[in-house]
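User: Please take a close look at how one pair of packed helices is arranged in this model. I should like to know the angle, the crossing and the residues that meet.

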Amino acid sequence: MALITLKLSRNILNRFKSSKLASFSLSSSSSVHHRNYNYSPSPFSDTQQFLSSPQSLLCPRRFESTGPQKSLKLDQNQGLDFPGGKVAFIPEMRFISERFEERVPCYRVLDDNGQPFTESSYVQVSEEVALKMYSYMVTLQTMDTIFYEAQRQGRISFYLTTIGEEAINVASAAALSFDDFVFPQYREPGVLLWRGFSLQEFANQCFGNKDDYGKGRQMPIHYGSNKHNYFTVSSTIATQIPHAVGAAYSLKMDRKDACVVTYFGDGGTSEGDFHAALNFAAVLEAPVIFICRNNGWAISTPISDQFRSDGAVVRGRAYGVRSIRVDGNDALALYSTVRAAREMAIHEHRPILIEALTYRAGHHSTSDDSTKYRPLDEIEWWRTAQDPVTRFRNWIQSNGWWSDENELELRSNVRKQLLHAIQAAERDDKPPITELFSDVYNVPPSNLCEQEDWLREIIKRHPEDYPPDVPV
């Protein structure tokens, strides 16, 4: 499966371009500085040598004792020189505990009131970047509200919000390069928004009109955009994770100065795809960042029924993946974490696992009523006291970069733009019937042609059962 995933991912990535971007690193002090890295040059000076020696892609972090000549060499005093490294002997029987004595701590920069902790270590964000981040967080929040209402009015068939997870969306996107590839789950439209996907393009997809890039074939919120290096959303859980690793390994083989980022929820870590992908990435040392949005609920399944381990972050170490836990409602902490993770992934050729602790303050989707399985006071506390948008606003406002007047103007303008986009998308024609049958075969087989003819005949015979704006 891993080989198939790698081949498919490489074929897909041949359509895209990648370019270099200067790198960042987190310092140990209260600020972060640019610095130059002295990485060892490749031992191969040209492409031919590189391609003929695939072992050059492997970093020196691999244990030395992997050759058969060293395998299973026994030393009664020192231990066993086993493939993967020396294993020490101990005289007593000792099981590894199923739990750590203490839970993995959570990296945080801003407190609940949006004020940095003393001696916080984070990437300094300029006023321009901070205001752009906040603007997109508000836009995402407003977009969710209006599209959710549109679904309740029967104007679109389905919607899924990111309420409470705006910081994960926008802050992580801001920390990446546009040359990095994104393999989303379905709760990351803010990443696409940051990359330039317009409100009209979002509306076109949700309404499935002729300007929708998916030609109306996908459910609403299943966005995708080649020009933004954002692979199309798939409803199936966790299937994007191994695909991301294959794509990342392809970037590494092509020596691109870029990485791959994939997003998934806590429920996705229970899928086999997650475990296969982490092992695949660790062994091949692929430049991929795994971002787990641990929002407390996999639809109606709480994390208490999802994990017996300390969340998702501890699973990285089991596969040899460097990991970190971060406050998912803290935009500054997320921005700093993803910037550092990107640098390590690209320049050290290693995968990184980020567990972002957050809360799904909205329903799972418009098909769900979360009040049936979790208390209202819990939802309300997270929605108000832990709102990532409010926290980040308090920080930019304390810096003198924002005001109440700015807030009113921004929210009013975004709302007007969204309403206009929805009206335009709703008026636009639907894709023609022929699009249901195209893009699969170069020459459609006879049975598919028969189905298309049959559908046209049925629509003509019973027009009252079909929307009048569907071109036949």
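Analyst: In this predicted model, helix 3, which spans residues 127-152, packs against helix 4, residues 166-174, at an angle of about 140°. The axes of these two helices lie 9 Å apart. Angles over 145 degrees would count as roughly antiparallel, and the angle of about 140° therefore makes helix 3 oblique to helix 4. As helix 3 passes helix 4, the crossing is right-handed. On the side of helix 3, the contact is formed by Met 133, Tyr 136, Met 137, Leu 140 and Gln 141. Helix 4 contributes Glu 166, Ala 167, Asn 169, Val 170, Ala 171 and Ala 174. By character, the residues of this contact between helix 3 and helix 4 comprise 8 nonpolar, 2 polar and 1 charged.

A second pair may be set beside this one. Helix 7 (residues 240-253) and helix 8 (residues 272-284) pack at an angle of about 15°, and their axes are 8 Å apart. Helix 7 and helix 8 are therefore roughly parallel to each other. Here the crossing of helix 7 past helix 8 is left-handed. From helix 7, the residues Ile 241, Pro 242, Val 245, Gly 246, Tyr 249 and Lys 252 take part in the contact. They meet Asp 273, Phe 274, Ala 277, Phe 280, Ala 281 and Leu 284 of helix 8. The residues in the contact of helix 7 with helix 8 divide into 9 nonpolar, 1 polar and 2 charged.

Note on methods:
Residues are numbered from 1 along each chain as its sequence is written. This is a predicted model: local features need pLDDT of at least 70, side-chain atom pairs count only at pLDDT 80 or more; totals for chains, interfaces and linings use all residues. Side-chain values use heavy atoms; hydrogens and water are left out. Axes are lines fitted to C-alpha atoms, for helices over the stretch in contact, and angles run from 0 to 180 degrees between N-to-C directions. Helices (H or I, at least four residues) and strands (E, at least two) are DSSP runs, numbered from the N terminus. Angles under 35 degrees count as roughly parallel, over 145 as roughly antiparallel, 65 to 115 as roughly perpendicular and the rest as oblique. A crossing is left-handed if the near helix is turned anticlockwise from the far one by less than a right angle, and right-handed if clockwise. Contact means heavy atoms within 4.5 Å. Ala, Val, Leu, Ile, Met, Phe, Trp, Tyr, Cys and Pro count as nonpolar, Asp, Glu, Lys and Arg as charged, and the others, Gly among them, as polar.
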